[in-house]
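Biologist: I would like to learn how to read a structure of this kind. Shall we take it feature by feature?

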Amino acid sequence: MAGFGFVVMRGRANAEKALAAVNGKEIDGRVLAVDWAVERDVWQNVQADSSKNGEHPDTVDVEQTVLDAVDGALLAEGNDDADASLVEGESSGVGDESDGFSESEPDGASKTPQRNDNSSTLFIRNLPFSCSDEDLEDHFTQFGSVRYARIVLDHLTERPRGTGFVCFFNTLDAEACLKGAPRYQPTPASGADSKMSSAPAGAHSILQNEDSDPTGRYTMDGRILQVSRAVAKPDADRLKEEGVAHRGSKDKDKRRLYLLSEGTIASNSPLYEKLAPSEITMREASAKQRKSLVENNPSLHLSLTRLSIRNIPRSITSKDLKALAREAVVGFAVDVKAGARQRLSKEELERGGEEMKEAERQRKSKAKGIVKQAKIVFEGREGGKVDEGSGAGRSRGYGFIEYYTHRSALMGLRWLNGHAIGYKTMEKKSKKSVSKEDIQDRKKRLIVEFAIENAQVVGRRQDREVKARERSKAVDQERKQLLTGNDKAQSAKEAVK
């Protein structure tokens, strides 16, 4: 089955009632999209156009044509870059009644000319990640009657990308909404002056000027929405190419704020349903706290290789965590091979540039494993941090994993996040009866995010590491010189003898 079909009703009034009642209804987990069928002559024109372009008429995807016009926003799947201009470029199927559809008129009336533009479809940026299709439609109904509203999902993570589309029935409503929207500074890829192309992509502030939307009509959950007209297909293709050319821009964002969304679990995913209410609350609180931290302190950034792990059972040691970190990377690769997970995108593999490539070369040259360090934080009786090796402390239930490369860290995060740890081996370690706390630990699922670091602290640590390496090299050099001198002295004595 192709997933679409046609229904012929007896009488237009019945068809209108059916369309209104069934459109948007959910059946077996799929939301139905219902609209007037394309007319035969229009469909034949599509076939003829395809033939002129070198395509065989039989290869024309009927379902794609229908969906592009009826529910095009659902087809706006991400490439693998969250850049707003690239999302625009991927919305080539989104238009207002484009690709062969025409507005319907009452029986006997003249046909309305087919529209091939996006005059009533708007592209919305900076949406809250918790926003749903219904929320988006309800919000924009204040500007006029909304035909459909769709948020864009990242096809890799199945999470909202913070963008969406709103299509109005009336073009004038769309124009009025666009005209009153707060202005914002476009990115180079979306048509800014070429002089700005050399500016770092992350140079602008993520703090918002609330005065730019005094009426509050363009604000959702404290986020000021950015509204622009949806692009036509030719422009979309061009923007997509430009977006690909600017993929490296994320490496210019020294704070790596795009990693903040990693670790969230979509509310419509099977894994989300397995989370306990307390864990959901913990995750939501963490997301808000992390966002607030980086917004209020420009010295903070997200690490490419270091993960923050929370909700760890207290029976887990640092050694266990390191073994689990290695298992995560292998498990991710196995899942990809089995088709259970999406592989890392090209953009994700290229993050970090030469720094990550050099780290991988160093790791292989020293025959090191993929995990650089794993640590559980322990506390003493008075609550202060203590060394795990002392044996006198108690796990705080959180820790850190540091990989040598971002690639391994990303694979580890996606496999570990929401993972429930097995306990059979741990029960064998202890002959004590199982406590209530142990039982609670068995229900825990890991909360994994990229660690937030202070640039100044990291800089000082790197300076110490560089100085330590230099001292080590100097000592080795002195030792070699000393050995060489001793060898020469010994040789001279033997020559005298």
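Biologist: What is the relative accessible area of R314, and how should I class it?

Modeller: First, the ground rules. This is a predicted model, in which local features need pLDDT of at least 70, side-chain atom pairs count only at pLDDT 80 or more, and totals for chains, interfaces and linings use all residues. Residues are numbered from 1 along each chain as its sequence is written, and side-chain values use heavy atoms, with hydrogens and water left out. Buried means under 20% relative accessible area, exposed over 50% and partly exposed in between (1.4 Å probe, protein chains only). R314 has a value of 28%, so the residue is partly exposed.

Biologist: Where does R314 lie?

Modeller: R314 is in the loop between β9 and α10 (318-337). The labels come from DSSP runs numbered from the N terminus: helices are H or I, at least four residues, and strands are E, at least two. R314 also shows that sequence distance and spatial distance are separate readings. R314 and F378 are 64 residues apart in sequence, and their C-alpha atoms are 9.5 Å apart in space.

Biologist: How far apart in space are L293 and I452?

Modeller: Their C-alpha atoms are separated by 8.9 Å, with their positions 159 residues apart along the chain. L293 belongs to helix α9 (residues 277-296). With a relative accessible area of 42%, L293 is partly exposed.

Biologist: What is the strand order of the open five-stranded sheet?

Modeller: The general idea is pairing: two strands pair if DSSP finds at least two bridges between them. Here the order is β11-β10-β12-β9-β13, with antiparallel pairing. β11 and β13 (447-454) stand at the edges with a single partner strand each, so one side of each has no neighbour in the sheet.

Biologist: How many bridges join β9 to β12?

Modeller: Five bridges join them, and the two strands run antiparallel. One bridge to look for is R306 with its partner E402 in β12. On its other pairing, β9 is joined to β13 over seven bridges, also in the antiparallel sense. There, L307 has F450 of β13 as its bridge partner.

Biologist: How many residues of β9 are buried?

Modeller: Nine of its 11 residues are buried, and β9 is mostly covered. A second strand to read in this way is β3 (residues 121-125), where five of the five residues are buried, so β3 is largely enclosed by the rest of the structure.

Biologist: Which residues of β3 point one way, and which the other?

Modeller: In a regular strand the side chains alternate between the two faces of the sheet. In β3, T121, F123 and R125 point one way, while L122 and I124 point the other way, and all are buried.

Biologist: Which residue of β5 is the bridge partner of L122?

Modeller: The partner in β5 is V166. β5 (residues 160-168) pairs with β3 over four bridges in the antiparallel sense. β3 is also joined to β8 (residues 226-229), again by four bridges and antiparallel. In β8, the bridge partner of L122 is R229. Reading L122 therefore takes you to a partner in β5, V166, and to a partner in β8, R229.

Biologist: What is phi of N126 near?

Modeller: Most residues other than glycine have a negative phi, and most peptide bonds are trans. Phi of N126 is near 65°, a positive value in a residue that is not glycine. N126 sits in the loop between β3 and α5 (133-140). D221 is another case, with a positive phi of about 50°, although it is not a glycine. The loop holding D221 runs between β6 (219-220) and β7 (223-224).

Biologist: Is D221 buried or exposed?

Modeller: D221 is exposed, with a relative accessible area of 64%.

Biologist: How many disulfides does a search of the whole structure find?

Modeller: A disulfide is a covalent bond between the sulfur atoms of two cysteines. The test used here is a pair of cysteine sulfur atoms within 2.5 Å. The search of the whole structure finds zero. Cysteines can still be read for burial: C167 is buried, with a relative accessible area of 1%, and C177 is buried, with a relative accessible area of 1%.
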